[in-house]
Every structure is written in structure tokens, then in C-alpha cells.
Amino acid sequence: MEIRIRGVSKYYYSEGKTIKALDDVNLVIPANRIFTLLGPSGSGKTTLLRCIVGLELPDTGEISIGDELVWSKDKNICVPPERRGLGMVFQTYAIWPHMNVFDNVAYPLQVRDVAKDVIRERVAQTLRFVRLEGFERRPATKLSGGQQQRVALARALVAEPKVILFDEPLSNLDAKLREETRKELRAFLGKLQITAVYVTHDRVEALALSDSIAVMRAGQIIETGTPQKIYFDADHRFVADFIGRANLVKATVRAEEGGYTVVDSTLGRIVCQQRDLPVGGEATLCIRPEFIRIVRGEAEAHGNLVNGRIESLVFVGEAYEAEIRVGEERLLAKIDPEAKLREGDAVSFTLAPAHCLLVAI
Ligand code: ADP
Ligand code: MG
């Protein structure tokens with residue numbers, strides 16, 4: 001089910017101050033995909049999710065879910081949360097410790113007066129789906145963190161929602177379990193084919209899980225796109241910087257040439273991915289550490305050639321993280337651990353134009 005959000009703003013009033021938690025948000029969340037709201041803490045992700053669910057009432061705008069208008073300030077429409085057909089999974093496991101697994105999952109059906117045998121069947125089916133069959137009688141507290149989160153997922157799914165919403169559901173799990181659960185969740189949601197709205201501040205989670213990502217800052221959607229678009233080809237400096245590690249270098253646009261944009265920067269003249277920017281204007285050159293290619297031998301200089309010096313090298317297992325000094329600039333680079341380099345070495349590296357991204361300052 002598609003979700004459409006038009007002109008939604010939300011203010012909080014606290015200690016005599018007005019906080020603009022959502023600032024005229026316009027967004028279409030496509031049906032049957034995993035859509036992620038990504039942004040730093042305080043950017044309004046939870047508020048937007050709660051407005052979709054109906055736990056929070058916006059001050060302006062409209063929200064529709066599928067064909068149904070569930071909120072309209074002007075038309076005075078407010079469909080209550082329990083009639084919006086949604087399932088939700090929160091950051092804290094939000095399962096009831098005094099209940100066993102069966103009762104936790106059955107709860108949403110019990111409050112709807114569903115017949116007992118139907119409940120038994122639906123719960124069994126949903127527990128099979130999240131791979132917790134056989135755990136029905138287990139007290140919720142006697143489960144691992146990952147299992148508890150699967151119970152929460154089962155409970156959100158048992159009433160067959162049209163849309164499922166997640167608010168940082170993995171942030172209480174340790175790193176390894178978080179990665180496993182993320183993969184599982186992706187597989188579960190892929191099988192389900194429902195609209196999923198996922199909130200996180202974790203860029204890797206967003207990249208790994210989403211079909212598309214909306215990046216938020218200060219109550220606004222800054223940019224929306226596929227993970228690849230957001231990572232490789234962001235339009236905004238904030239987005240390029242937030243979604244991954246990036247070297248950001250000041251540049252001046254010099255020319256449009258043969259499908260590329262050419263800039264001058266502290267790294268010298270650099271041929272970049274084409275961008276519509278005025279010649280003579282300022283821009284930011286964005287280079288990800290993994291696209292800095294150290295030249296070994298002389299022959300292989302493709303792309304922009306830059307000379308520098310290794311200032312520091314840190315071994316992180318799959319690579320060396322190097323700081324390369326070029327004039328006043330220090331660039332973070334990810335280098336092959338086989339490269340025989342030492343701190344202080346002079347190096348040349350190339351930057352493929354396709355990976356030299358220009359963003360507005
Ligand atoms: P996020 O989920 O991205 O971390 P939130 O949506 O929780 O952000 O918060 C957005 C802004 O609204 C923040 O500045 C936060 O402090 C503020 N805020 C959220 N909830 C309330 C509330 N109930 N009362 C006052 N301010 C709030
Ligand atoms: Mg939040």
C-alpha cells in the first residue's frame with residue numbers, strides 16, 4: 001500500500017519553546033517495498049513514523065494510506081491508529097515479560113475478538129514464519145535479544161497489516177546479532193511483499209536493508225533515492241557525508257567538457273562526474289576512501305593523477321586506512337593491505353572521474 005504525505009508539519013512545545021519536529025514534509029512511500037527514513041538523532045524520524053501510525057497528530061497537511069485519507073487537518077479527518085491497518089515494531093522489544101511467546105503474539109488478535117481456533121492457527125503460522133515454532137510456551141524473558149525481536153515482529157505481523165513500521169528495531173542488539181537479524185528481516189520482508197517503513201540512524205543498516213532511502217535533517221526530507229543513488233550520486237553535501245565516509249574538498253567549477261565537469265581544487269585540476277553547476281561557481285568535491293587508487297609502477301595512470309605523502313597508516317584487517325597529505329588537504333584512503341607502504345612514503349594515486357562526485361557547497 002502506498003503512503004502519501006503532503007505538507008505535514010509537527011510542532012512540539014516544551015519549556016516555552018517551539019520545536020519544529022517536522023517541517024513541511026512531502027513524501028510518497030511506494031507500495032510493497034522497504035522504505036527507510038535515515039537521519040541523525042533528533043531529525044524527526046520517529047515523529048514522522050508516529051504521524052503515519054496516528055500516535056501523533058500533525059499540525060498541518062494530509063496523510064493517506066492506499067486510497068484512504070487517514071489524516072487531514074483541513075478536512076478534519078483523523079482515523080485512529082487501530083483502524084489504520086498497520087503493524088509496528090519498536091526499538092525496545094515491547095513484548096510483555098509476564099506473558100509467554102504464544103500470548104505475546106496472539107494479543108492483537110485477542111483484543112479483536114478473533115475466534116480461538118483461528119488465533120491458534122494464525123499464531124502458529126506466524127511463528128513458523130519468523131522461525132520460532134516450538135517456542136509457544138516459553139516465557140518471553142527466557143529468550144535471547146534476537147528471539148525477542150522476532151516475537152515483536154511476529155506480533156506486528158499476526159493481524160496481517162497492510163503496512164509495517166519499524167523504529168530502530170535493531171539498536172538494542174549487539175553488532176553481530178544486529179547484522180544477522182538485519183539479513184533475516186530483509187528476507188522476511190522480501191517474502192511478505194508488504195509496505196515497510198523503517199527508521200534508523202545507522203547508515204549501513206539503511207544501505208543494506210532498503211529499496212529506497214529518504215535522508216532527513218532538522219524535520220525535512222533532504223533527498224530520496226535508492227541506496228546506490230544516495231551513496232554514489234547524492235545531490236547534497238549533507239547526504240553524501242552522512243551516508244558514508246567521504247573526503248570533502250573545496251572546488252571551483254572551470255568547465256563542462258566531453259560529458260564531464262572539470263574543477264580546480266587543492267588536489268589540482270580534477271575531472272568529475274558531470275553536474276549542472278555554473279562555471280566559476282564553488283562546489284564540494286566528494287571522494288570516498290575506497291576510490292582512491294594508489295598507482296604502483298608508472299604505466300597505470302588512468303583518471304586524475306594526484307601526488308601526496310602517507311601521513312598515517314592504520315591496519316583494520318581488510319585494508320589499511322591511510323591518511324594521505326596533499327598540500328593542505330588530508331585525505332582518508334582505504335588501501336590494499338598487500339600494498340607495501342609505510343608512513344612517510346610519497347605516493348601517487350588516481351581518482352576515476354566517475355567517482356569524483358560534485359555536490360553543492
Ligand atoms: P529522531 O527520531 O529522528 O531522533 P524525533 O522525531 O524523536 O527525532 O524528534 C524530533 C525533534 O522533536 C527533536 O528535536 C526532539 O527533541 C523533539 N521531540 C520529539 N518528541 C517530543 C516531545 N514529545 N516533546 C517535545 N519535543 C519532542
Ligand atoms: Mg527516533
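Hi everyone, let's start with a pair of helices: the axes of α2 and α3 come within 10 Å of each other and cross at roughly 125°. An angle over 115 but not over 145 degrees counts as oblique, and therefore α2 is oblique to α3. As for handedness, α2 passes α3 in a right-handed crossing. Please keep in mind throughout that this is a predicted model.

Which residues of α2 and α3 meet? On the α2 side we have V101, F102, V105, A106, L109 and Q110. On the α3 side, their partners are I119, R120, R122, V123 and L127. Let me pick out V123 for a moment. If we set aside its neighbours within four places in sequence, V123 is in contact with F102, V105, A106 and V158.

That brings us to the nonpolar cores. The largest one has 34 residues, and V105, V123, L127, L153, I164 and F166 are those with the most contacts inside it. Who supplies this core? At least two residues each come from α2 (101-110), α3 (116-129), α4 (145-157), β8 (163-167), α5 (175-192) and β9 (195-200). The largest share belongs to α4, with six residues. Apart from this core lies another one, of 28 residues, and I310, A339, C356 and L358 are among them.

Still on α3, have a look at A124, which is found in that helix. Is A124 buried or partly exposed? Its relative accessible area is 22%, and buried means under 20%, so A124 counts as partly exposed. Its C-alpha atom is separated by 8.3 Å from that of E136, a residue 12 places away along the chain.

Now over to the sheet. Here we have an open sheet of five strands, in the order β2-β1-β4-β5-β6, with antiparallel pairing. Which strands are at the edges? They are β2 (17-29) and β6 (77-78), each of which pairs on one side only. At the β6 end, two bridges join β6 to strand β5 (residues 68-72), and the two run antiparallel. There you can find S72 standing opposite I77 in β6. The sheet also has a helix packed on it: α1 (residues 45-53) touches β1 (3-14), β2 and β4 (60-65). The direction of α1 makes about 65° with that of β2.

Next, some hairpins, and I'll take them in chain order. Strands β10 (residues 212-217) and β11 (residues 220-225) pair in the antiparallel sense over five bridges. One bridge to look for is I213 with its partner G225 in β11. Two residues lie between these strands, and in the turn A218 has a positive phi of about 45°.

Further along, β17 (residues 304-315) pairs with β18 (residues 320-326), antiparallel, over six bridges. R309 has R325 in β18 as its bridge partner, so to speak an arginine facing an arginine. The hairpin of β17 and β18 has four residues between the strands, and G317 takes a positive phi near 100° there.

From β18 we can carry straight on, as seven bridges join β18 to β19 (residues 329-335), again antiparallel. In this pair, I324 stands opposite L331 in β19. The hairpin of β18 and β19 has two residues between the strands, with G327 taking a positive phi near 55°.

That's my tour, and I'm happy to turn the model around on screen for anyone who wants another look!

Conventions:
Residues numbered from 1 in each chain as written. Chains lettered and ligands numbered in written order. Predicted model: local features only at pLDDT ≥ 70, side-chain atom pairs only at ≥ 80, totals over all residues. Heavy atoms only, no water. Pairing = 2+ DSSP bridges. Core = buried A, V, L, I, M, F, W, Y, C linked by side-chain atoms within 4.5 Å. Buried < 20%, exposed > 50% of the residue type's maximum accessible area, 1.4 Å probe, protein only. Contact = heavy atoms within 4.5 Å. Axes fitted to C-alpha atoms, helices over the stretch in contact; angles between N-to-C directions. Parallel < 35°, antiparallel > 145°, perpendicular 65-115°, else oblique. Left-handed = near helix turned anticlockwise from the far one by under 90°.
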